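Please look over the sequence and the structure shown below before reading the report that follows.

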Amino acid sequence: IVFTVIVLSPQTDAASTYEVKTLKIDTSLKVSPSPSAKNSVKLKKGTFVTQLKTESGGWAYVTVNKKKGYIALTSLSKPKSTTKIVNSKNSLVVRTAASKTASKAGSIKTGSVVSVYKTSDSKWSFVQFGNTTGYVNANALKAIPTIKTAYIKDYVPKCDKTYLYAG
């Protein structure tokens, strides 16, 4: 007998899924893709941004805390992530910042598989589910159990009746 292994992966919308990135340096969100463009907001090294698309000239169009703008591609890096399952009684609220009072960015249904990029000491995790990114209560996430393939030799199932199939 062979047991099947099921591999769960986070939801994606094919090529349209946005990418989570982190800032390699302190930088500013620009209003247009140009080094001389007006700064919209200052951002610190390590801040998570969601890259919506890549623009010509080495720019990324991103969103951070509900603000959209441009950042040089050279200042972005792809962070590592782990995969977890949403384990809450109701849908899990996704927030724009690691706070119960932060704006709601969306929600994720119980049982959904998410990518977790960082969990803070205050028990907030930065996650991605499809095109939804933001902070969730880390206590509502659980690790995906490891399932191994097992072979059982010489197993003969017991059968009370014999059936003949003529096809």
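Which side chains meet in a salt bridge? The side chain of glutamate 55 meets that of lysine 53, with 3.5 Å from N to O. The model in which this pair is found is a predicted one.

## The salt bridge

By the rule applied here, the count of salt bridges comes to one, and the pair that forms a salt bridge is glutamate 55 with lysine 53. Lysine 53 has a relative accessibility of 45%, and it counts as partly exposed because that value lies between the limits of 20% and 50%.

## The protein as a whole

The protein has 14 strands and zero helices, so that reading from the N terminus gives a run of elements written β-β-β-β-β-β-β-β-β-β-β-β-β-β. Of the 167 residues in the protein, 31% are buried.

The area that the protein exposes is about 11300 Å², and 52% of this area is supplied by carbon and sulfur atoms. When contacts between residues at least 6 apart in sequence are considered, 54% of them join residues that are at least 24 apart.

## Lysine 21 and its surroundings

Lysine 21 has its place in strand β1, which covers residues 19–23. This lysine 21 is buried and yet has no salt bridge, and the nearest side chain of opposite charge, that of glutamate 19, is 4.0 Å away.

The side chain of lysine 21 is nevertheless joined to the side chain of glutamine 51 by a polar contact of 3.0 Å. If residues up to four places away in sequence are not counted, lysine 21 touches Thr47, Phe48, Val49 and Gln51, and also Leu76, Ser77, Lys78 and Pro79.

## Aromatic rings

A search of the whole structure finds five aromatic pairs. One of the aromatic pairs is formed by tyrosine 61 and tyrosine 70, whose rings are 5.0 Å apart from centre to centre, with 45° between the planes, and this pair is tilted. Both values are given because a pair of aromatic rings is described by the distance of the centres and the angle of the planes.

Is tyrosine 70 buried or exposed? Tyrosine 70 counts as buried, because its relative accessibility of 15% falls under the limit of 20%. Elsewhere in the list of rings, Phe48, Tyr117, Phe126 and Tyr135 are linked into a cluster by ring pairs, and Phe48 is also among the residues that lysine 21 touches.

Definitions and conventions:
Residues are numbered from 1 along each chain as its sequence is written. This is a predicted model: local features need pLDDT of at least 70, side-chain atom pairs count only at pLDDT 80 or more; totals for chains, interfaces and linings use all residues. Side-chain values use heavy atoms; hydrogens and water are left out. Helices (H or I, at least four residues) and strands (E, at least two) are DSSP runs, numbered from the N terminus. Buried means under 20% relative accessible area, exposed over 50%, partly exposed in between (1.4 Å probe, protein chains only). Lys and Arg count as positive and Asp and Glu as negative; His and the chain ends are not counted. A polar contact is a pair of N or O atoms within 3.5 Å; within protein, one must be able to donate a hydrogen and the other to accept it, and residues adjacent in sequence count only if both atoms are side-chain atoms. Contact means heavy atoms within 4.5 Å. Accessible areas come from the Shrake-Rupley method with a 1.4 Å probe; for residues, only the protein chains shown count as cover. Rings of Phe, Tyr and Trp (its six-membered ring) pair if their centres lie within 6.5 Å; planes under 30 degrees apart count as stacked, over 60 as edge-to-face and the rest as tilted.
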